[in-house]
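Happy to walk through this one with you. Let's take the terms one at a time and see what stands behind each.

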Amino acid sequence: MSRKWRLWFVLGLLALTGCARFPQVPGERGVRRLVIEMQVAGHIHPEYHYFVVFNLSNDPTGSTGPLPVVAPPWGSGFAGGAYTHYVHYRGGYALYRVEQGTENQPPPHRYLGVPLRADPVNATTNRLRFEIDLIQLIPNEREARAIQYLQLNFLTTDIIPIDPNAPVRKNGDSLGDGRLHDYRYLNLRIDTDRTVRNSDSAIEPANDVADPDLDIIDWRVEVRTP
C-alpha cells in the first residue's frame, strides 16, 4: 500500500470511529442543552447508583415531581412521585424513558442512548458532569421545543430493591434534608438560557446521610441554546 493510500485508510478509520462513538446521539441537531453536575462528599462509588431524574410535565406550578423511595413498598427501587426520564450512572452513563404504567418497575426502562458529553470518572472523582439535549429525551422536535418547564431531582442509592416488600435497609440521598425527611425536587423553567445552583437556595445540605459516597453536597444545572 502506498503512503498516500495508507494516509487515506487511517483517516477513514478515524472518521468511522468518530461516527460510532455515540451512535444513538442526534449529532449536532438540538433544541435545548442541559449541562448537569452533581457532587458528593466522598467519591463516585463503582457499585452505587447515581440518578438525575426528570419529569417533563410542562407544568409551570411543578405540583408533582420525582422523589426518592425510602421505605417499602419499594416500587421502582429508586424513584417515586412523577417522573418520565432519567440518567443513570453506574460505571457509565445511560439515558432512559419511563413508559406510562411502568413507573413502579425497577430499572432499566426504555434505553435512549448516552449523553452528548460526559466528564470521565475514576477512583478519586467526586463529581458527575454530563450534557444532554432535550431532543434526546423527546425525539419529536416540535414537542421538545414546546417544553417550558420540567421537574428534576438528584438521587443516590446503594441498592435498588427488586422485591417491593424486601426487608432491607436502603441508604441514599436526594434534594432536601434527609435527616428531617424533607424531600424536595426542582421546578425549572427551561425556555430561556439560565444557570441554577445549590448555593442559590441551599436546598441540599451536606452531611444529611452517613455515607459520604452517597451524600450529595452540591449541584448545578445550566440551560443553554445549542
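Q: What is the bridge partner of Ala118 in strand 9?
A: Ala118 is bridged to Phe130 of strand 9. A word on the source: this is a predicted model, where local features need pLDDT of at least 70, side-chain atom pairs count only at pLDDT 80 or more, and totals for chains, interfaces and linings use all residues. Residues are numbered from 1 along each chain as its sequence is written, and side-chain values use heavy atoms, leaving out hydrogens and water.

Q: What makes strand 8 and strand 9 a pair?
A: Pairing requires that DSSP finds at least two bridges between two strands (a strand being a DSSP run of E, at least two residues, numbered from the N terminus). Strand 8 and strand 9 (residues 127-133) have 2 bridges, in the antiparallel sense, so they meet the definition.

Q: Why is Lys170 said to have no salt bridge?
A: A salt bridge needs a side-chain nitrogen of Lys or Arg within 4 Å of a carboxyl oxygen of Asp or Glu. For Lys170, the nearest side chain of opposite charge (Lys and Arg count as positive, Asp and Glu as negative; His and chain ends are not counted) is Asp158, 6.1 Å away, so no salt bridge is counted. Lys170 is nevertheless buried (under 20% relative accessible area, 1.4 Å probe, protein chains only).

Q: How do you know that Lys170 and Thr157 make a polar contact?
A: The cut-off is a pair of N or O atoms within 3.5 Å, one able to donate a hydrogen and the other to accept it; residues adjacent in sequence count only if both atoms are side-chain atoms. The side chains of Lys170 and Thr157 are joined at 3.2 Å, so the pair qualifies. A polar atom of the Lys170 side chain also lies 3.1 Å from the backbone oxygen of Val69.

Definitions and conventions. Buried means under 20% relative accessible area, exposed over 50%, partly exposed in between (1.4 Å probe, protein chains only). Helices (H or I, at least four residues) and strands (E, at least two) are DSSP runs, numbered from the N terminus.
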